[in-house]
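Reader: I'd like to take a close look at one part of this one, if that's okay. Could you walk me through it slowly, since I'm new to this?

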Amino acid sequence: MSQVAVEAPPKGGFSFDLCRRNGMLSKNGVPPPSYRKTGTTIVGLIFQDGVILGADTRATEGPIVCDKNCEKIHYMAPNIYCCGAGTAADTEAVTDMVSSQLQLHRYHTGRESRVVTALTLLKSHLFKYQGHVQAALVLGGVDANGPHLHTIYPHGSTDTLPFATMGSGSLAAMSVFESKYREGLTKEEGIKLVCEAICSGIFNDLGSGSNVDVCVITKGQKEYLRNHQLPNPRTYVSSKGFSFPKKTEVLLTRITPLKEMVEVIEGGDTMEE
Amino acid sequence: MTKQQANWSPYDNNGGSCVAIAGADYCVIAADTRMSSGYNILTREYSKICKLADKAVMASSGFQADVNALQKHLAARHLTYQHQHNKQMSCPAMAQLLSNTLYYKRFFPYYAFNVLGGLDSEGKGCVFTYDAVGSYERVGYSSQGSGSTLIMPFLDNQLKSPSPLLLPAQDAVTPLSESEAVDLVKTVFASATERDIYTGDKLEIVVLNAGGIHREYMELRKD
């Protein structure tokens with residue numbers, strides 16, 4: 001896989017970048033920063049009493065794992081949760097923003113939020129930014145019209161589905177869902193299937209890993225099962241431990257006084273009141 | 001419009017990490033067994049370690065097709081050497097042969113990041129580290145591959161002799177015992193696996209000492 005810091009091909013149109021600053025930085029050897037993406041597996045499915053969402057917990061910066069246990073299932077409303085894949089900053093910002101808008105809307109209307117409201121707010125925002133906000137979401141919740149599950153793509157299109165997967169591990173997870181999903185699953189069966197799909201992403205996709213988070217939403221109740229499964233313990237811990245006796249070597253000591261030495265004379269002139 | 005760039009590359013990176021540590025009378029060579037391409041795993045059980053001669057073992061990460069071609073070439077040259085000189089190649093001799101072979105393809109390189117370990121003619125451990133075009137150096141320990149940026153600083157902290165600016169240069173080999181070196185290698189790979197997505201599945205450890213070759217395996221995280 002080629003290593004590129006910023007993977008956008010040059011497009012036409014006016015560049016709003018800070019060109020002089022970027023030129024100066026790259027001339028001084030500062031590489032352009034890469035995005036922290038959650039190469040991810042996120043899933044959702046509808047079971048007989050509501051919706052179950054699942055996600056892995058690995059966040060990557062290129063080939064390096066930067067967070068081994070991050071939270072990808074975001075709160076939107078007491079009855080609505082949203083899993084996010086793509087650029088971590090984008091998924092956090094967009095879910096926080098819509099969550100606040102939903103709360104204001106609840107105060108305004110005096111009613112519980114509906115999933116389609118969150119859906120419309122998210123898709124309009126993403127479409128307005130023409131795909132530059134790289135957030136791929138799985139939105140699920142239970143409202144007055146029953147359980148709902150939607151996928152939202154970075155350019156703003158949406159699908160309404162009985163089961164859905166997104167992220168780099170979506171193919172691995174979808175293969176599990178397509179084999180084993182059926183309508184009218186019980187809660188235990190649904191949680192087990194979601195865990196299997198996430199584990200498939202965790203073990204077969206290099207962008208996903210660590211633990212399984214699950215969120216079960218039913219009418220009037222939600223259960224957020226953080227780290228529901230931990231299938232990846234550390235394999236080897238040295239029994240004798242390690243010591244770090246070497247301090248930083250001092251190769252050269254040079255003291256350069258920046259100001260003249262000031263001598264303090266005791267009992268000098270007192271200040272006048 | 002901007003110039004169209006070539007979008008076919010003859011190379012691919014199959015990932016993985018390799019480490020070698022030289023001791024007073026042994027040498028430890030280790031590599032993980034995961035072979036990947038992009039975000040996919042091709043196999044969890046691929047050996048990156050190849051025995052070139054009785055006392056020279058090479059571990060290579062990078063593009064495994066090029067690594068295989070390189071190993072085949074070196075094996076053929078070693079056979080010729082054995083016919084002509086009636087003995088096995090020593091590790092320093094194999095080290096130079098590898099360097100020359102790599103530089104021969106200076107303008108279409110083998111995408112192979114190698115680390116060669118073995119015993120020299122006095123029976124002391126030796127490790128040679130290479131770049132893709134054959135620049136090599138004899139060192140006391142080295143790591144190459146996707147996890148090398150995570151592994152090398154830790155090995156420097158545990159094994160590096162103090163700076164030659166301060167004290168007279170010390171012997172390159174580590175004073176650790178064989179079991180301590182193997183323990184260090186296991187810890188280093190377990191840690192690299194936590195943070196590097198291309199390293200994992202299983203660790204293959206080869207130990208060369210006066211008694212011969214010994215191979216062992218350890219499970220690593222599979223995610």
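Leaving aside its neighbours within four places in sequence, which residues is Thr40(A) in contact with?

Author: Sure! Quick ground rules: this is a predicted model, where local features need pLDDT of at least 70 and side-chain atom pairs count only at pLDDT 80 or more, while totals for chains, interfaces and linings use all residues. Residues are numbered from 1 along each chain as its sequence is written, chains are lettered from A and ligands numbered from 1 in the order in which they are written, and side-chain values use heavy atoms, with hydrogens and water left out.

Now to your residue. Once its neighbours within four places in sequence are set aside, Thr40(A) touches Asp56(A), Lys72(A), Gly84(A), Ala85(A), Met166(A), Gly167(A), Ser168(A), Gly169(A), Asp205(A), Gly207(A) and Ser208(A). Contact here means heavy atoms within 4.5 Å. Thr40(A) sits in the loop between β1 (37-38) and β2 (42-47) of chain A. Those element names come from DSSP runs, with helices (H or I) of at least four residues and strands (E) of at least two, numbered from the N terminus. With a relative accessible area of 0%, Thr40(A) is buried; the cut-offs are under 20% for buried, over 50% for exposed and partly exposed in between, with a 1.4 Å probe and protein chains only. As for annotation, an unreviewed UniProt entry puts the feature "active site" at Thr40(A). UniProt positions follow the numbering used here, feature names are shortened, and annotations may be inferred rather than shown by experiment.

While we're in chain A, have a look at its helices. Helix α4 (residues 170-180) and helix α5 (residues 187-204) of chain A have axes that come within 7 Å and cross at roughly 145°. An axis is a line fitted to C-alpha atoms, for helices over the stretch in contact, and angles run from 0 to 180 degrees between N-to-C directions. This crossing of α4(A) and α5(A) is right-handed: the near helix is turned clockwise from the far one by less than a right angle, whereas anticlockwise would make it left-handed. From α4(A), the contact uses Ala172(A), Ala173(A), Val176(A), Phe177(A) and Lys180(A), and from α5(A) it uses Leu193(A), Val194(A), Glu196(A), Ala197(A), Ser200(A), Gly201(A) and Asn204(A). Sort the residues where α4(A) meets α5(A) by class and you get seven nonpolar, three polar and two charged. (Ala, Val, Leu, Ile, Met, Phe, Trp, Tyr, Cys and Pro count as nonpolar, Asp, Glu, Lys and Arg as charged, and the others, Gly among them, as polar.)

Another helix pair in chain A is α2 (residues 88-109) with α3 (residues 115-128): their axes come within 10 Å and cross at roughly 135°. That makes α2(A) and α3(A) oblique to each other, since under 35 degrees would be roughly parallel, over 145 roughly antiparallel, 65 to 115 roughly perpendicular, and the rest is oblique. Here too α2(A) passes α3(A) in a right-handed crossing. On the α2(A) side you'll find Val94(A), Met97(A), Val98(A), Gln101(A), Leu102(A) and His105(A), facing Thr117(A), Ala118(A), Leu121(A), Leu122(A), His125(A) and Leu126(A) of α3(A). The tally for α2(A) with α3(A) is eight nonpolar, four polar and no charged residues.

Just along the chain, Gln130(A) is in the loop between α3 and β8 (135-143) of chain A. Gln130(A) has a positive phi of about 55° although it isn't a glycine, and at 46% relative accessibility it counts as partly exposed. For an exposed one, try Lys27(A), at 72% relative accessibility, in helix α1 (residues 19-27) of chain A.

Finally, hop over to chain B. Ser36(B) is in strand β3 (residues 35-37) of chain B and is buried at 0% relative accessibility. Beyond its neighbours within four places in sequence, Ser36(B) contacts Leu206(A), Asn13(B), Asn14(B), Gly15(B), Ile41(B), Leu42(B) and Tyr198(B). Asn14(B) turns up again with Gln64(B): aside from neighbours within four places in sequence, Gln64(B) is in contact with Asn14(B), Met35(B), Tyr46(B) and Lys48(B). Gln64(B) belongs to helix α1 (residues 64-85) of chain B and is buried too, at 3% relative accessibility. Chain B also has a non-glycine with a positive phi, Asp201(B), at about 75°. Asp201(B) lies in the loop between α4 and β11 (202-209) of chain B, buried at 1% relative accessibility.
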